Amino acid sequence: MPELKILLFDIGGVLLNNAWGHESRRRAADLFRLDYEEMNGLHNFIFSTYETGKITLDEYLDTVVFNHPRAFSREDVKAFMFAQSVELPDMLAWLTAWKQNHCGFRIFAVNNEGRELNQHRINTFNLHKVFDAFISSCEVGMVKPDPNIWRLAMGIAQAKPEQCVYFDDRLMLARAAGKLGIRAYHHQTFDETRQILEDLSHSPLSDYEYRFNQ
């Protein structure tokens, strides 16, 4: 088996929280006194269009929030949205230090995110220190589980599937990557993922049985 060349990571649910998930939208509805069911239905209708970079955050908000006159501004809502992003315990700090001191691998992000949220999270949490490239849905016009988003990452890296390892907090997406021949892991805890990475840094990829952490 070829030597490991690249590590692929999701961001939301692995290093950071899912910034604009249903819990954040529920909090926004409570704070701004929005009809959550209407807001959530419109969100589900249009969010993939935003995630693939076809509309801006302002255009997304025009549909989801500012479809009625409001007593607050879009800047109020955007500030709230950006503030929802938080670092998950341990993983980001450890991975940053490991990349700089012990890793020896290239690391790419493969994530679904709208452009403004993606840029905010990259800049706020210094993700350039971790990732050599960002294969973000808003920039490439594809969202996971489209297999072509992983194929694009491998093409950019000039790596074969068996030379890649992928981590995602959603088992379904880990399995989607696995169907391409990528060694994919379901990220569940910091300790499990750290151990996998430390083992990979000391032994050939071929020493490891392909598995999903259930």
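This report describes the surroundings of Phe9 and the parallel strands beside it in a predicted model.

Phe9 lies in strand S1, which spans residues 6-9. Its relative accessibility is 0%, so Phe9 counts as buried, the cut-off for that class being under 20%. Leaving aside residues up to four places away in sequence, Phe9 touches Val14, Leu95, Ile107, Phe108, Ala109, Val110, Phe131, Tyr166, Phe167 and Leu197. His22 is 13 residues from Phe9 in sequence, and the C-alpha atoms of these two residues are 22 Å apart.

Among the contacts of Phe9 are Ile107, Phe108, Ala109 and Val110; strand S2 covers residues 106-111. S2 is mostly covered, with five of its six residues buried. Strand S2 is joined to S1 and also to strand S3, residues 133-136. The two pairings are set out below.

| Strand pair | Bridges | Direction | Residues standing opposite |
|---|---|---|---|
| S1 and S2 | four bridges | parallel | Ile6 and Arg106 |
| S2 and S3 | four bridges | parallel | Val110 and Ile135 |

Val110 thus appears in two settings: Val110 is one of the residues that Phe9 touches, and Val110 stands opposite Ile135 in S3. In a regular strand, side chains alternate between the two faces of the sheet.

The connection from S2 to S3 involves helix H6, residues 115-124. Together, S2, H6 and S3 make a β-α-β unit, and this unit is right-handed.

Methods
Residues are numbered from 1 along each chain as its sequence is written. This is a predicted model: local features need pLDDT of at least 70, side-chain atom pairs count only at pLDDT 80 or more; totals for chains, interfaces and linings use all residues. Side-chain values use heavy atoms; hydrogens and water are left out. Helices (H or I, at least four residues) and strands (E, at least two) are DSSP runs, numbered from the N terminus. Buried means under 20% relative accessible area, exposed over 50%, partly exposed in between (1.4 Å probe, protein chains only). Contact means heavy atoms within 4.5 Å. Two strands pair if DSSP finds at least two bridges between them. A crossover is right-handed if, with the strands pointing away from the viewer, the path from the first strand over the helix to the second runs clockwise.
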